[in-house]
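Dear colleague,

Here is the structure I said I would pass on. Please open it first; my notes follow underneath.

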Amino acid sequence: MIRSALILSALTSSVLACAKHDNHHYPETPHKKRAEAGESRDWEYATSYDWGSLNLDYELCHTGAHQVPIALTPENGPATSHKPSFNYAGSHDGNFYNWGFGPAFTISHEEGNYTGNPSLTYDNTTVYLTGWHIHTPAEHTVAAHRAKAELHLVHVDAEGNPAAVLGIRMEPGTSNSTFLEQLPTPMIHWNETDSEEHLNMNLGLALEDVENLDEYWTYDGSLTTPPCSEGIRWFMARRNLFTGLEQMRAVLRASRFGARTTQQIWMHNVNG
Ligand SMILES: [Zn+2]
C-alpha cells in the first residue's frame with residue numbers, strides 16, 4: 001500500500017509541464033498518464049491552432065500573451081538574465097511510461113514533498129524537477145530549423161505548481177546520448193499508456209549532454225498543452241542533445257506527432 005501510494009502520488013504530481021498543472025488545478029488532464037488513462041483527452045495536435053475553441057477552459061490557448069512554443073533565433077541569444085543553476089546530483093527512482101505522444105518519466109517522491117527532487121534555482125527561486133517527456137518533432141524552432149525531438153524537464157514550486165520548464169532539442173548525431181542510454185528498449189509505445197516500468201535515473205546526464213546549459217534562451221511562457229496556463233519560466237538550451245541514430249529511431253518509434261503550432265512572440269520578453 002505504501003508503495004502504491006507513493007507511486008500514485010508521483011504520477012498525479014508529475015508530468016508534463018503540461019499535465020501536472022491540470023492535475024491540481026484543472027478538470028482536464030492533458031499530458032495524461034497511466035493512472036488517469038480512463039479519462040479522455042478532448043484535444044489533438046492536428047488542430048492545435050484552434051485549441052481555444054474546444055473548451056471554455058482553454059481560452060488562454062487563444063488569448064494568452066505568453067504562449068509556447070515560439071520561434072527562436074541565434075540573434076536573440078544567448079541570455080544572461082535569470083541565470084539557472086542546477087542541483088541534479090544523484091540518481092532517482094521513478095516510473096518510465098508513455099504520455100500518449102512519446103517517452104516520459106516521473107520521479108517518485110513523498111506525497112506533497114518535492115524538496116528531495118533534483119532542483120533548479122534562478123532569481124533566488126528554487127523549483128523542483130518532477131519528470132520529463134519528449135515531443136516529436138521539436139516544439140521550438142531555432143533559425144527556422146525544427147529538430148527531430150524536444151525533451152521537456154518540468155519543474156514545480158514547493159507546493160507542486162508548475163513553475164519552470166527546461167527544453168532541450170534532440171538531434172541524431174554520431175554517438176549515443178548517455179541520458180537516453182538509461183532507458184529500456186524498445187521504449188513503451190505511444191498506444192501503451194497503461195504500461196510503466198520502474199527505473200532509476202541520473203537526470204544530470206541530460207544536462208551534461210548539453211554542456212550544463214552554458215548557453216540558453218529564457219522567456220515568460222506557458223504550458224504547451226490545454227489549458228495553456230501561463231506564468232511558466234522557460235529555459236531553452238542552445239546546444240542540441242545528440243543521440244545515436246538508433247536511439248533517435250527508438251524515440252521516434254515510440255512516439256507520434258506531438259508538437260503544438262508555433263505561437264506569435266508577444267509579451268514573452270525573450271532573454272529580458
Ligand atoms: Zn511538453
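To start with the charges over rings: R238 places its charged end over the ring of W217, 5.2 Å from the ring centre. Please keep in mind that this is a predicted model. A second arginine, R41, lies over the face of W43, with 5.2 Å to the ring centre.

W43 also belongs to an aromatic cluster, together with Y45, W51, W99 and F101. In total, 14 aromatic pairs were counted in the model. One of them joins W99 and F101, whose ring centres are 5.0 Å apart and whose planes stand at 50° to each other. The pair is called tilted because that angle falls between the limits of 30 degrees for stacked and 60 degrees for edge-to-face. Both W99 and F101 are buried.

Then there is the metal site. Which residues supply the protein donors of the zinc ion? They are H133 and H135, each through NE2, and H152 through ND1. These donor atoms lie 2.0 to 2.2 Å from the zinc ion. Along the sequence, the donor residues follow the spacing H-x1-H-x16-H.

Two of these histidines come with a value for accessibility. H133 has a relative accessible area of 0%, which is under the 20% cut-off, so H133 counts as buried. H135 is likewise buried, with a relative accessible area of 0%.

Regards

How values were computed: Residues are numbered from 1 along each chain as its sequence is written. This is a predicted model: local features need pLDDT of at least 70, side-chain atom pairs count only at pLDDT 80 or more; totals for chains, interfaces and linings use all residues. Side-chain values use heavy atoms; hydrogens and water are left out. Donors are N, O and S atoms within 2.8 Å of the metal (3.2 Å for Na, K and Ca); water is not among the atoms, so sites may look incomplete. Buried means under 20% relative accessible area, exposed over 50%, partly exposed in between (1.4 Å probe, protein chains only). Rings of Phe, Tyr and Trp (its six-membered ring) pair if their centres lie within 6.5 Å; planes under 30 degrees apart count as stacked, over 60 as edge-to-face and the rest as tilted. A charge sits over a ring if NZ of Lys or CZ of Arg is within 6 Å of the ring centre and within 35 degrees of the ring normal.
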